Amino acid sequence: MAGLIRWAHAANGLAELDDALRRGVEAVEADVGWNGRLGAAVMRHARDSQAAPEAECSAAQWLRAALAAHRGAGDRGGAQDGAIVGGLRILKLDFKHLPCAAAVLDDLLLAAREGSDSRSAASGSLGSAARRQGEPGASGAPDELQVADSRDTRAFSRPLEVWLNADVIHVGGSSHPDTPAFLDACGKFVAANPPFIVRYSLGWVTNDYAPWRRSSYTCAELHAMRELCKQATLPKQVTFAVRASYAAASLSDIHEHLLQPLSQANTGLTLWTGWEGVPTAELEHCRKRAEMLGFELHLDVDRGSKAPWYHPSRYLSKLFG
């Protein structure tokens, strides 16, 4: 069942990526931001960074390491040095800085063409993106995707899904100003025929500090996402990223106002948990409800240190330090 996939979250460094692979997780989520000081996309939760080079892991470097590990594990078909590897099914790239998607996806295509192993990938320098971009646009990121020819890409011995995630709708239903550029970059990536199963993961901006002040998405926000999807060219696989603490009260509305009107196969939801956590019973309720309504549901939930997914004390520590 898709909802039972084991996830690793915020694997934004090479050490975190290696740890996730050694734990045998099936899905790795990592954040992509932009370092204006370096002029390169970096693996960081913050949208913008000014950190020094030694404090950053470039997106190009991380992608090479991830694909080399996946390719090598598939070729060997088993564990290495006690590591449980080879079970990776999903790479989820969570774009915090939407305009850098063009350069990052170009790097992903280039990384797919390379036959180096994960160790040589990990020693790569900061960013082919930085060398390739030239002068950044007004947003500080490249304006268009330089599509790499993927026709000679060495096929992976086992399938790998790449999820392209971004919050494209603001609170209240307005579109993120960088959404068109993000979708354009994703569309060009799909058109380049990459050796992956590509899935769009589209979400809404939510209030991170006080999610309990509301319990569901509004009709305006759902309608805005629906109209955005109708105007865009979507791939065969699409999931909508829904904050789990909103999900229980939103599933019926999401199904009625978003999933049904789109009438697209292989469209579903992915529930993600913020720092506030969600009771296990709510997640199970959502799973059963999705099964009854007939759409695919993923649980993007870390089952490691955050189990059992609900920690009331995290509310107080977040609010009062």
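Leaving aside its neighbours within four places in sequence, with which residues is R89 in contact? In this predicted model, the contacts of R89 beyond those neighbours are I5, E26, L160 and E161. R89 itself belongs to the loop between α2 (59-76) and β5 (90-95). For one of these partners, E26, the C-alpha atom is separated from that of R89 by 5.2 Å, although the two residues are 63 residues apart along the chain. The relative accessible area of R89 is 40%, so the residue counts as partly exposed. D19, in helix α1 (residues 14-22), is likewise partly exposed, at a relative accessible area of 40%. Between the C-alpha atoms of D19 and A8, which are eleven residues apart along the chain, the separation is 9.2 Å.

The overall architecture and the confidence of the model were examined next. The secondary structure of the chain consists of ten helices and ten strands. Of its 321 residues, 52% are classed as buried. Among contacts in the chain with a separation of 6 or more, 75% are accounted for by residues 24 or more positions apart. The average pLDDT of the chain is 78, and 72% of the residues reach a score of at least 70. Confidence is highest in strand β6 (residues 161-169), with a mean of 97, and lowest in helix α4 (residues 118-122), with a mean of 40. Residues 75-86 have a pLDDT under 50 throughout, and the model gives this stretch 18 contacts beyond four places in sequence. The pLDDT is also below 50 over residues 303-321, a stretch with 35 contacts in the model beyond near neighbours in sequence. Where pLDDT is low, the predicted coordinates should not be read in detail.

Attention then turned to the nonpolar interior. In soluble globular proteins, nonpolar side chains tend to be buried together. In the present model, the largest nonpolar core contains 79 residues, of which W62, F95, L164, F182, M225 and F240 touch the most other members. Outside its neighbours within four places in sequence, M225 is in contact with V168, I169, L202, G203, W204, F240 and L258. Another core lies apart from the largest one and has five residues, among them W7, A27, I90 and W163.

Aromatic side chains were considered as pairs of rings. A pair of aromatic rings is described by the distance of the centres and the angle of the planes. Six aromatic pairs were counted in the model. One of them is formed by W7 and W163 in an edge-to-face arrangement, with 5.5 Å from centre to centre and 70° between the planes. Because W7 lies in strand β1 (residues 7-8) and W163 in strand β6, this pair ties together parts that are 156 residues apart in sequence. W7 and W163 are both buried. In the pair of W204 and Y217, the ring centres are 4.6 Å apart and the planes lie at 40°, so this pair is tilted. W204 is located in strand β7 (residues 197-204) and Y217 in the loop between β7 and α7 (219-231), so the pair joins parts that are 13 residues apart in sequence. Both members, W204 and Y217, are buried. Ring pairs further link W204 and Y217 with F240 and Y246 into a cluster.

F240 also directs attention to strand β8. Strand β8 (residues 237-243) is mostly covered, with seven of its seven residues buried. From β8, Q237, T239, A241 and R243 point one way, whereas V238, F240 and V242 point the other way; the residues of both groups are all buried. Strand β8 pairs with β7 in the parallel sense over five bridges, and V238 in β8 stands opposite Y200. With strand β9 (residues 267-272), β8 pairs in the parallel sense over six bridges. In this pairing, G268 in β9 is the bridge partner of T239. The chain passes from β8 through helix α8 (residues 244-262) to β9, in a β-α-β crossover that is right-handed.

Technical notes: Residues are numbered from 1 along each chain as its sequence is written. This is a predicted model: local features need pLDDT of at least 70, side-chain atom pairs count only at pLDDT 80 or more; totals for chains, interfaces and linings use all residues. Side-chain values use heavy atoms; hydrogens and water are left out. pLDDT is the predictor's confidence in each residue, from 0 to 100. Helices (H or I, at least four residues) and strands (E, at least two) are DSSP runs, numbered from the N terminus. Contact means heavy atoms within 4.5 Å. A nonpolar core is a set of buried Ala, Val, Leu, Ile, Met, Phe, Trp, Tyr and Cys residues joined through side-chain atoms within 4.5 Å. Buried means under 20% relative accessible area, exposed over 50%, partly exposed in between (1.4 Å probe, protein chains only). Rings of Phe, Tyr and Trp (its six-membered ring) pair if their centres lie within 6.5 Å; planes under 30 degrees apart count as stacked, over 60 as edge-to-face and the rest as tilted. Two strands pair if DSSP finds at least two bridges between them. A crossover is right-handed if, with the strands pointing away from the viewer, the path from the first strand over the helix to the second runs clockwise.
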